[in-house]
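I opened this notebook page to record what I looked up, going through one chain, then its neighbour, then the contact between them.

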Amino acid sequence: MNIQEKIAGFFPEASFEEGEILRICIPAEKFHELAKTLRDEFGYDYLVTIVGMDWGESLGCLYYLMNTADHSQISIKTSTTDREQPAIDSVADLWRIAVIFEREVYDFYGIIFVNNPDMRRLFLNIDWVGYPLRKDYDENPELNPVSIENERQSDETYVWKRENGKLVKHTERVFNDDDFVVNIGPQHPATHGVLRFRTAIDGEIIKKIDVYMGYIHRGVEKLCENLQYQQTLHFMDRLDYFSAHNYHHGLCLCIEKAMGIEAPRRAQVIRVIMDELSRIASHCLFIGTYCMDLGATTMLFYTLRVREQILDIMERTCGARMTFNYSCIGGLMADIHPDFVKDVKELLAICPKNVAEYNKLFTGNIITKGRLEGVGVLSHDDAISYGITGPSGRASGWACDVRKTHPYSIYPELKFEQVVRTEGDSMARFKNRMDEIQQSVDIINQLIDNIPEGDYCAKVPKVIKLPEGHWFQLVEGCRGLFGVYIESKGAAQPYRLKLVTPCLNLASVVDHITRGDKIADLITIGGSLDYIVPDIDR
Amino acid sequence: MFNFSIVTEWIHNLLASFMPGWLTTTAECVLIGVGLLLAYSLLALFYIYYERKLCAFIQCRLGPNRVGPMGLCQVFADMFKMLIKELIELKHTDRFLFALAPYLVIIASVLSFACLPWGRGLQIINFNIGIFFLIAVSSIGVLGILLAGWSSNNKYTLIGAMRSGAQMVSYELSVGLSIMTMVCLAGTMSIPGIVEAQADGWFIFTGHIPAIIAFIIYLIAGTAETNRGPFDLPEAESELTAGYHTEYSGIHFGFFYLAEYLNLFIVSGVAALMFFGGWMPLHIPGWEGFNDIMNYIPSPIWFIGKAIAISAIIIWFKWTFPRLRIDQLLKLEWKYLLPINLFNLVLMVLVVVYNLHF
C-alpha cells in the first residue's frame, strides 16, 4: 500500500496530484490534522518551505515536506477563497521554523495563520499598504511613498485565535517593559550585513533575541514574476553572493528540468567545479571573518589569500569577481579560460597546506577552544525542526547534504564524504567547514583532468516558455539547502518563482540557541551559523 | 656610563643663577612638563607606526607605505586629521563627565609615564615608594573609562565600561602582586634603587624561577591592564563596536587612543624596569670587556630598546590570539593567576630569606 492510499484512507477529502513530488490537496479546515499526521505517522519531520500562492480565485500555500530518514518529499496544497481575511491554521506547533515562514507568507499574501505566536510582517515595514505578491496588488507608489522619516517601530505582536468560530486578534508584547534591550545591528560589525538583533540582556546574559529582518529586502521573487526566465538568473548572484554559482546552478537545473533539456556534459562538469570552488572560497571567507569576529584578525589575511586566488580564477573565466552570472539555461555563458586547468591545479596544491596552517594557528588554540566548545549547542531534533541545513545542520548530526540526499548533475559519479559531526556546538560548525574545504578539493581533483570536450551550452530558444506546471529543485549552496520552486502558466515569465534559502533558517535559530549565553557568545554563535543577509531578505 | 644628572644640574644651576628660587622651580616644572608631553606624543606616534608595521609583518602585508618614506609620515597625517576633526556633542549625555573622562585617562597615563627611569640620572619623579606611586596613579585610568562609558548614555559604552571596570580592577591585583614579588627581591620601592640593584645582573636572571613566573604573570596581566587583545573585551569591536569610547570623536577620542598606546609603552617599561634592569646595560659578571662595551651604549637607548622589545611580544599576542569571554577572563585572573601569584610571592620571600638568588 503506497503512501497515497494510506493518506486517502485517513483523509477521504484529500485529492492528489502526482508528479515528481506527490502533492496532496486538502481543504483548509483539515490541513493541520494532515500536517500532523504526515509528521508523526509518515516521518515527514522537515519543513523545507512554505510557498505562498495567489491562484487568482483563491489564496493558499504549498508546504514542501521532507522525510529525513529516507529523503522522500511530499507537498501539501491548501487554499482559501476568502480574500478579505484569508486564514489557514498555523503549523508553528509542528515545525518551529514555520513561525518565520508563515510570517513571510503573511507579509506577501496577507494570509493569517491562526495560532502563530508572532504574526507580524517579516520583511516589509509595519505600515506597508497591501500585500505585494498578490496578483491584484496595487503598485501605485503613492500608496507606499519612500519615507524620509524613521520607520515607525512597534514592540507589539499579534496572535490570531479562533474563538466561537470567529477570528480574534490578540495583541502581545515582544519584550517586557523592564527588559534592557540592546540593538545589535542593523549597522554592526558582527552581523555581517544589515541585520538587526534586538537583544534583551540581563548584565551579560542574553534573555531573548528578536531578529528584525528586511533591511535589504529587494523583492526578488516579485521582480522575477515580470521577467523572462533568462532575466531571472542574475538575481541568484545577489542572494548569497558567495554561493553565486551554486544558486545559478539550482535555478538553471529547475528551468532545464521544466524545458526537458539537459546541459552538455562539459557544462555540467564545469558547473560542478565552479560550485566547489565557490564552496572553498566561501568557507575560507567564513573562517577568516569568524576568526576576526573572535578577535584573531590575522587569520582573515591568511584565508583571504586562498580566496583571492579563487577569485582570480573566476575573474579569468567569468569576467567578474563577485556577481559571476556564469551558468545560463542550457549550459554556460562562455567557455573556460585556457589557463583554467593550470590555475585550479595550483590552487589545489596549496589548499591542504593552508588548511593545516589555519588549524595550527587557530583551531587548537586554548582560547579558541574555550570560546567555541559547548557554545550554542543545537540538538539534532532542533536542527531539523528549524530546518538548519548545510555545514551547520551537519554539525548537529543531521546528514542533510543535498549532493548526497537528492543528487543532481554529476554528483552521483563523484566520490566524497559528507562531513557530519554530532556535537552541535560552534566548534563542530567551524570544523565542518574546515573539513568541507578538503572534500571540495577532492571533488575538483577528480574532475579537473577529465573536463570533456564538446559544447558548453545546449541550443535553447531565444524566448523560453515553460509548459504549464510546477517544478521544485534542490541544490546544495555553501550554507545549506537552496531550493527553487517555479510555477508556470505557459508564459515566458514565471507565474510564481519561490526561492528557498538556507540563511533565513539560520538567522531564525539564533534566538533559540543563544538564550542564557553571554553577549560574546551571540557573536560566536551567529558567526558560526554564517548567515548572509541578502540571502535572508532576498 | 654617562650620568644625565650632570646635564640636569647644569640647567638647574644656570636657571638659579639669574632667577629667584620659586621662579626656578616653576621654570623647571614647565620645562619638564613640556619635555614630558613632547616625549609622550612622539612616543605615541612612534608606537602607532610600530604596531601597524609589526602587525602588517605578521599578516603578510606591507603596512603604511605611501605617506613619506616607508610610510613614516602616515602617523603625523593621522594625528593632524584627528586634531582637526569636529568634537561631536551628543544629546542626552552628561556633558561634564563626558568631557572629563578622556582627561582622566590621559592624566593617569602621563603620571605613570613620568615615573619611568629614562636613563642614569634621568628620573622625573623619584621618591622612596616610587613603584607604589606608579601603580596607584595608573589605576586612575579605569575611572576615566567608567565615566566615559557611563556618561555617553549608550548601551554599548555602558557594557564596555562595566567589562572594563571588572577587568582592570581584577588584573590590577596580578600586576601589583607580581611587582611586589620583584620588590621583595630588590628590597626597595624606589625606582632608581630597583635599577641600581640590577647592576650585577637583571632580576630575570638573578631571581631565576620566581622572577620568571612573575614576569609571565606580569606580561599577561599587563596586557589585560592595557585592554589589548586577547583581553580587549571593553572595546571588542565585533561585539560592542568600540566599547567605552564609541561616542567620542576628534581629540577626545585621540586621548583614549594615545593613552592606549602609551599604556602599552608604560607596561613594557615597567616590565623592563622590574625584570630587565631598567636602563641598566647587560652585565655578565666576570666578562669585563663585554661589560665595558655595553656601558658605551647610552642608558636611554637601553631602556627604550627593552621596552620596545617587550611591547613586540604584547603586540604579537594581540595579532595572534582570539579574544576571551568576560567570564573566562575573570576566571583566568581569580582562579589561576592570583593563587599562582600568591604562591610565587611566598616562593620569592623564601628565596630572598635563604639567599638562594644569584
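**Entry 1: domains of chain A.** I note at the outset that I am working with a predicted model. I looked up the domain assignment of chain A, which lists domain 1 as residues 13-147 and domain 2 as residues 220-537. I then took the separation of the two domains of chain A, and their C-alpha centres lie 26 Å apart. For the contact between them, I found 18 residues from domain 1 of chain A and 19 residues from domain 2 of chain A. Which strand gives the most to the side of domain 1 of chain A that touches domain 2 of chain A? I found that strand β3 of chain A, residues 46-54, does so with six residues. Sorting that side of domain 1 of chain A by class, I obtained 13 nonpolar residues, three polar ones and two charged ones.

**Entry 2: chain B as a whole.** I turned to the secondary structure of chain B, where I found 15 helices and two strands. The radius of gyration of chain B is 21 Å, close to the 21 Å that the globule rule gives for 358 residues, so I recorded chain B as being as compact as a globular protein of that length. Along the principal axes, the C-alpha atoms of chain B fill a box of roughly 65 × 60 × 45 Å. I also looked up burial, and of the 358 residues in chain B, 44% are buried. Taking the contacts in chain B with a separation of 6 or more, I noted that 79% of them join residues 24 or more positions apart.

**Entry 3: helix α5 of chain B.** I picked out helix α5 of chain B, residues 130-138, and found Gly130(B), Ile131(B), Leu134(B) and Ser138(B) buried there. Why do I say that the buried residues of α5(B) line one face of the helix? Seen down the axis of α5(B), they fall within an arc of 100 degrees, and therefore they line one face. I then asked what covers these buried residues of α5(B), and the covering elements include α4 (95-114), α6 (141-151), α7, α8 (191-196) and α12 (250-275) of chain B.

**Entry 4: where the chains meet.** For the contact between the chains, I found 24 residues of chain B in contact with 22 residues of chain A. On the chain B side, α7 (155-186), α11 (237-240) and α15 (326-353) each supply at least two residues. I classed the residues of chain B on this side as 10 nonpolar, six polar and eight charged. Helix α7 of chain B thus appears twice in my notes, among the elements covering the buried residues of α5(B) and on the side of chain B that touches chain A.

Notes
Residues are numbered from 1 along each chain as its sequence is written. Chains are lettered from A and ligands numbered from 1 in the order in which they are written. This is a predicted model: local features need pLDDT of at least 70, side-chain atom pairs count only at pLDDT 80 or more; totals for chains, interfaces and linings use all residues. Two residues are in contact if their C-beta atoms, placed from the backbone, lie within 7 Å. Helices (H or I, at least four residues) and strands (E, at least two) are DSSP runs, numbered from the N terminus. Ala, Val, Leu, Ile, Met, Phe, Trp, Tyr, Cys and Pro count as nonpolar, Asp, Glu, Lys and Arg as charged, and the others, Gly among them, as polar. Domain bounds come from an automatic or database domain assignment. The radius of gyration is taken over C-alpha atoms; the globule rule is 2.2 Å times the number of residues to the power 0.38. A residue is buried if 20 or more other C-beta atoms lie within 10 Å of its own, exposed if 12 or fewer, and partly exposed in between; C-beta atoms are placed from the backbone. The arc is that of the directions from the helix axis to the C-beta atoms.
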